[in-house]
Amino acid sequence: MTLDPELQVRSLLAQLSLDEKLDMLDGDKPFWSGMAETLLGDWSHRHPWPAGVVPRLGIGGLHFVDGPRGVVLEGGATTFPAPIARGACWDPDLEERIGEAMAREARSFGANLLGSVCVNLLRHPGWGRAQESYGEDPVHVGTLGAAMTRGVQRHAIACVKHFALNSIDSARFRVDVRATPRVLHELYLPQFRACIDAGAQAVMSAYNSLNGDWCGQNATLLTGILKERWGFRGFVVTDFIFGIRDGLRALRAGQDLEMPFRMIFAGSLPQALDRGELPLARIDDAVRRLLRAQLAVPAGIYPAALRGSAAHLALAREAATKAIVLLQNDGAVLPFGEEVTSIAMIGRLAVEANLGDHGSSDTRPVPGAVLTPLEGLRAAAPRIRVAHDGGSDPAAAAALAAGCDAAMVVVGLDWHQEGEHIHTGDLGPIWRQIPPPDPLQQRFGRARLRPFWGPVANTIAAVASLGSARRGSDFASGDRTDLALPPEQEALIRAVAAANPRTVVVLMGGGAILCESWRHAVPGLLLLWYPGQQGGLALADVVLGTVSPSGRLPFALPSAHEHLPPFDPRARSITYDLWHGQRRLDRDGHAAAFPFGFGLSYTGFHHRDLSAWIEAAGSDGTPELRAAVTVVNVGKRGADEVLQLYLEPPGRAVERPARLLVGFQRLTLAVAESRRVELTIPLRRLAYFDETLDAFVLEAGRHRLRLARHAEAEGLIVELELEATRLGV
């Protein structure tokens with residue numbers, strides 16, 4: 001007979017000593033030896049990070065690996081397209097399957113805690129870690145994050161990060177983000193809540209502070225909202241190494257686990273207990289949460305053969321293909337048909353394994369496992385002569401292009417231009433909290449060391465404050481303030497386009513790239529993103545017409561930098577409001593170069609007969625919105641369509657965006673196929689957050705629903721007259 005999980009938790013908790021409970025609250029590796037192994041031995045890419053292992057009681061502990069685009073450990077794990085690319089798929093079912101595949105591969109390494117669910121909103125597309133998020137919209141991001149969560153939780157613990165408002169990388173250790181409750185609950189927290197509702201058992205706190213309190217020790221976030229308002233029963237884990245500043249405040253605020261080393265908790269909690277400043281009940285609560293999550297991980301056999309298996313590679317190819325966004329196709333330059341017998345493929349990125357940044361999400365595929373754009377096209381079309389030029393000399397590249405039937409220019413970003421970045425100078429104050437090395441503690445004791453260690457820690461902090469990671473170092477280069485391509489890439493595009501009228505530009509990268517200065521010189525333009533290890537084959541699928549492109553933009557591409565919100569990568573303080581991305585463009589009257597949700601296809605779709613109604617007792621027993629529409633494939637090939645439903649609220653009670661995404665669905669239709677599709681929408685998505693009532697409120701008045709192909713399209717309209725309703729927290 002299997003013991004009830006809560007009874008197991010209670011039994012284990014009763015058997016743990018106080019020292020063992022305290023040891024469970026942080027990573028198992030000592031700080032100094034762990035740092036040495038990390039810096040000198042690349043430890044984070046060789047083993048999971050252990051925490052809370054208690055052999056005496058058979059407690060196996062938590063074993064963390066990162067994984068936004070695949071398990072980061074060396075050993076053949078599959079590298080999937082970066083999350084921003086998967087955001088362009090608009091496909092929750094696919095994301096759920098990818099989450100399950102990642103979790104199975106993580107288990108094959110001995111890990112049971114996977115940091116693959118990043119749902120920080122893309123407030124500004126120059127954010128260095130844009131590639132790790134799904135996009136700019138909370139409904140879109142939350143739907144995909146929840147899908148990833150469901151997939152991971154079938155085999156491991158899904159860790160959702162970074163809670164919250166972590167969307168500036170180069171200032172993340174010092175910036176204070178100011179936001180009102182309305183901004184938080186309407187825009188920056190719903191996607192986290194969606195993941196909690198989907199069953200996530202772990203939430204990672206952020207480095208930055210919110211309204212003056214560091215997120216890792218922010219009681220409003222960790223306890224007031226996460227654990228009390230949302231009823232979260234899992235555990236909160238710090239972001240790694242420098243995730244908290246004050247151990248006592250952090251634990252009392254709701255932090256449960258410090259990772260990956262014995263560090264600030266170990267150096268402060270025992271003394272706080274001795275002084276009577278830390279209730280034992282809070283320690284027991286944290287341990288209980290950690291045990292509950294561990295016991296929920298299913299048993300199973302996960303062989304190494306899962307890594308890079310045929311099924312997982314097929315999944316990576318599917319995602320990379322669905323992610324490709326066709327932005328421009330003048331004169332139907334794509335797909336390349338039988339008349340194209342030679343292609344000039346231009347650019348350094350055509351032959352490089354360009355998977356994303358070199359930060360914490362850096363994957364390590366085995367040599368030769370990544371199919372580049374050049375390799376993919378040659379493998380898929382042996383009948384076509386594909387010639388390559390690196391593009392360092394635009395004149396030589398143009399000469400090659402002039403002699404071919406078509407040209408493809410592969411340009412964009414890599415880890416030198418964007419990615420996770422650490423300014424070590426921002427870490428100086430945290431170094432003062434670092435404990436003495438274990439050998440010194442064992443020899444002299446912590447109490448005797450304390451007077452002597454303080455000055456040493458201050459010296460380390462002072463030295464650290466002078467440093468900063470070099471841009472272009474082997475780690476990554478942080479946020480971008482200039483969203484244009486480098487001038488040499490723009491010059492290359494113009495030269496090739498002038499030489500060959502059938503030129504297609506392929507953009508790689510994770511954040512937005514402004515194209516207005518050159519895109520009208522080329523007939524074809526598509527986004528390949530960071531496409532994972534099967535990206536070359538995916539590109540071939542689309543440009544050769546094997547698959548119709550079906551990706552849709554997960555953020556709005558503006559026509560000018562000035563249309564974006566303020567963005568200072570080294571800010572100390574910044575205020576977040578309701579206005580960024582497509583919302584901001586609509587408010588200010590700026591048409592996007594390419595709107596949120598935009599993407600072209602090789603076929604055509606017709607929508608008709610849109611209807612909408614309120615279902616009094618929905619799937620969870622509460623009222624919900626239902627909308628139905630008939631979709632017809634009116635083109636000459638089967639293809640995928642992405643239905644997007646937008647709300648145009650009355651906007652009389654409070655100022656609101658002109659259009660809000662409230663639901664979407666991806667579907668596949670054969671030629672001439674017609675299908676009636678129904679979307680289910682929680683009413684909270686139609687509501688605004690009333691700070692006086694501390695609740696979501698459905699505004700009285702006429703609510704217009706628009707079924708459109710993107711955020712600026714006309715589409716179909718249906719209207720509902722709704723009464724004012726308080727929907728709860």
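Angles under 35 degrees count as roughly parallel, over 145 as roughly antiparallel, 65 to 115 as roughly perpendicular, and the rest as oblique. Axes are lines fitted to C-alpha atoms, for helices over the stretch in contact, and angles run from 0 to 180 degrees between N-to-C directions.

The model is predicted: local features need pLDDT of at least 70, side-chain atom pairs count only at pLDDT 80 or more, and totals for chains, interfaces and linings use all residues. Residues are numbered from 1 along each chain as its sequence is written, and side-chain values use heavy atoms, with hydrogens and water left out.

**Exercise 1. Classify the packing of α14 and α20.**

Step 1. Locate the helices. α14 covers residues 373–380, and α20 covers 535–543. Helices (H or I, at least four residues) and strands (E, at least two) are DSSP runs, numbered from the N terminus.

Step 2. Take the geometry. The two axes come within 7 Å and cross at roughly 55°.

Step 3. Classify. α14 and α20 are therefore oblique to each other.

Step 4. Add the hand. The crossing is right-handed. A crossing is left-handed if the near helix is turned anticlockwise from the far one by less than a right angle, and right-handed if clockwise.

Step 5. List the residues that meet. P373, G376, L377, A379 and A380 of α14 face G536, L537, L539, A540 and V543 of α20. Contact means heavy atoms within 4.5 Å.

**Exercise 2. Do the same for α6 and α8.**

Step 1. α6 spans residues 138–153 and α8 spans residues 190–197. Their axes lie 8 Å apart, at an angle of about 25°.

Step 2. That angle makes α6 roughly parallel to α8. Their crossing is right-handed.

Step 3. The α6 side of the contact includes G142, G145 and A146. The α8 side is P190, Q191, A194 and C195.

**Exercise 3. Decide whether L528 is buried or exposed, and find its surroundings.**

Step 1. Place L528. It sits in the loop between β17 (524–527) and α20.

Step 2. Check accessibility. L528 has 1% relative accessibility, so it counts as buried. Buried means under 20% relative accessible area, exposed over 50%, partly exposed in between (1.4 Å probe, protein chains only).

Step 3. Find contacts beyond four places in sequence. For L528 they are I324, P373, V506, L507, M508, G535 and L539.

Step 4. Follow L507. L528 and L507 are 21 residues apart in sequence, yet 5.8 Å apart in space, C-alpha to C-alpha.

Step 5. Widen the view. In the largest nonpolar core, of 107 residues, F163, L507 and W529 touch the most other members. Helix α5 (residues 92–108) gives the most to this core, with six residues. A nonpolar core is a set of buried Ala, Val, Leu, Ile, Met, Phe, Trp, Tyr and Cys residues joined through side-chain atoms within 4.5 Å.

**Exercise 4. Describe the sheet that holds β24, β25 and β28.**

Step 1. Give the order. The open sheet runs β24-β25-β28, with antiparallel pairing. Two strands pair if DSSP finds at least two bridges between them.

Step 2. Name the edges. β24 (688–690) and β28 (725–728) each pair on one side only.

Step 3. Give the turn. Neighbouring strands are turned by 45° against each other on average, direction ignored.

Step 4. Examine one pair. β25 (residues 695–698) joins β28 over three bridges. F696 stands opposite G728.

Step 5. Add the helix. α7 (residues 181–188) packs on the sheet and touches β24 and β25. The direction of α7 makes about 155° with that of β24.
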